[in-house]
Amino acid sequence: MDYQKSSEEGKRVTIETVHGGDRIAAHLFVIPGGFVFADIGWNEPLGSGHPFHIVECELTNFGYIDKENRRLDIYVEEIEIPGRGDREKCWGRIQEFMKSMNN
C-alpha cells in the first residue's frame, strides 16, 4: 500500500500507534528510514505545539516494522477529512522541523 499516495489523494490515513490509540494524519510523507506525518490542525494558530511526527521504521512485505520489531497498523479510508491544510506548505514546515531536529 502506498500510504503517501493515499494521503496525496486526500484519503484518510490513520496510524495505530504502538502505545495504543489512533492518530489521523493530515498529511503523510515517506522519508529515508520511515515516514513523517502531520496532525490535523498542524496549520492552526492555536494548534498543538508538536504537530509533526517522525516514525522510524522499515517497509517490509508485512508492512511497516519499527525498530523494536513491532508492526505498525495503518489504515486508509475513502473518507475526506477537513482541516488538512495545504500539502506543499505542510511539507515545507516538516522539512524545517526535521532540520531543527538535526541541529
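Helices (H or I, at least four residues) and strands (E, at least two) are DSSP runs, numbered from the N terminus. Keep that in mind as you click along, since the loop between strand 5 (63–66) and strand 6, where asparagine 69 is found, will be our last stop.

Before we start, a word on the model. This is a predicted model, in which local features need pLDDT of at least 70 and side-chain atom pairs count only at pLDDT 80 or more, while totals for chains, interfaces and linings use all residues. Residues are numbered from 1 along each chain as its sequence is written, and side-chain values use heavy atoms, with hydrogens and water left out.

**The whole chain**

Show the protein chain as a cartoon. You should find two helices and six strands, in the order α-β-β-β-β-β-β-α from the N terminus on. The radius of gyration (taken over C-alpha atoms) is 13 Å, close to the 13 Å that the globule rule gives for 103 residues, so the protein chain is as compact as a globular protein of that length. That rule is 2.2 Å times the number of residues to the power 0.38. Switch to the C-alpha trace, and its span along the principal axes is about 40 × 35 × 25 Å.

Now turn on the surface. The protein chain has an accessible surface of about 6600 Å², and carbon and sulfur atoms own 48% of that; such areas come from the Shrake-Rupley method with a 1.4 Å probe, and for residues only the protein chains shown count as cover. Of the 103 residues, 41% count as buried. Buried means under 20% relative accessible area, exposed over 50%, and partly exposed in between (1.4 Å probe, protein chains only).

**Helix 1**

Select residues 3–8, which make up helix 1, and pick out serine 6 there. Serine 6 is buried, with a relative accessible area of 5%. Show its surroundings: beyond the neighbours within four places in sequence, serine 6 is in contact (heavy atoms within 4.5 Å) with Met1, Lys11, Val13 and Val76.

**Strand 1 and its two partners**

Next, select residues 12–16 together with residues 73–77. These are strand 1 and strand 6, and they pair in the antiparallel sense over five bridges. To count as a pair, two strands need at least two bridges found by DSSP between them. Zoom in on valine 13, whose bridge partner in strand 6 is valine 76.

Add residues 22–31, which form strand 2; four bridges join it to strand 1, and the two run antiparallel. In the hairpin of strand 1 and strand 2, five residues sit between the strands, and glycine 20 takes a positive phi near 95°.

Stay here and select isoleucine 15 in strand 1. Is isoleucine 15 buried or exposed? At 4% relative accessibility, it counts as buried. Isoleucine 15 stands opposite arginine 23 in strand 2. Its contacts, not counting residues up to four places away in sequence, include Leu28, Phe35, Phe37 and Ile74. Draw a C-alpha to C-alpha distance from isoleucine 15 to valine 76 and you should get 9.1 Å, for two residues 61 apart in sequence.

**Strand 3**

Select residues 34–39. This is strand 3, and it is mostly covered, with six of its six residues buried. On one pairing, strand 3 meets strand 2 in the antiparallel sense over six bridges; look for alanine 25, whose bridge partner in strand 3 is aspartate 39. The hairpin of strand 2 and strand 3 has two residues between the strands, and glycine 33 in the turn has a positive phi of about 85°.

Strand 3 also pairs with strand 4 in the antiparallel sense, over five bridges. Here, glycine 34 stands opposite glutamate 56 in strand 4.

**Strand 4**

Move along to isoleucine 54, in strand 4 (residues 52–60). At 37% relative accessibility, isoleucine 54 counts as partly exposed. What does isoleucine 54 touch, not counting residues up to four places away in sequence? The list is Ile31, Phe35, Val36, Phe97 and Met98. For a distance to try, go from isoleucine 54 to methionine 1: they are 53 residues apart in sequence and 19 Å apart in space, C-alpha to C-alpha.

**Last stop: asparagine 69**

Finally, select asparagine 69, back in the loop between strand 5 and strand 6. Asparagine 69 is exposed, with a relative accessible area of 69%. Check its backbone too: asparagine 69 has a positive phi of about 65°, although it is not a glycine.
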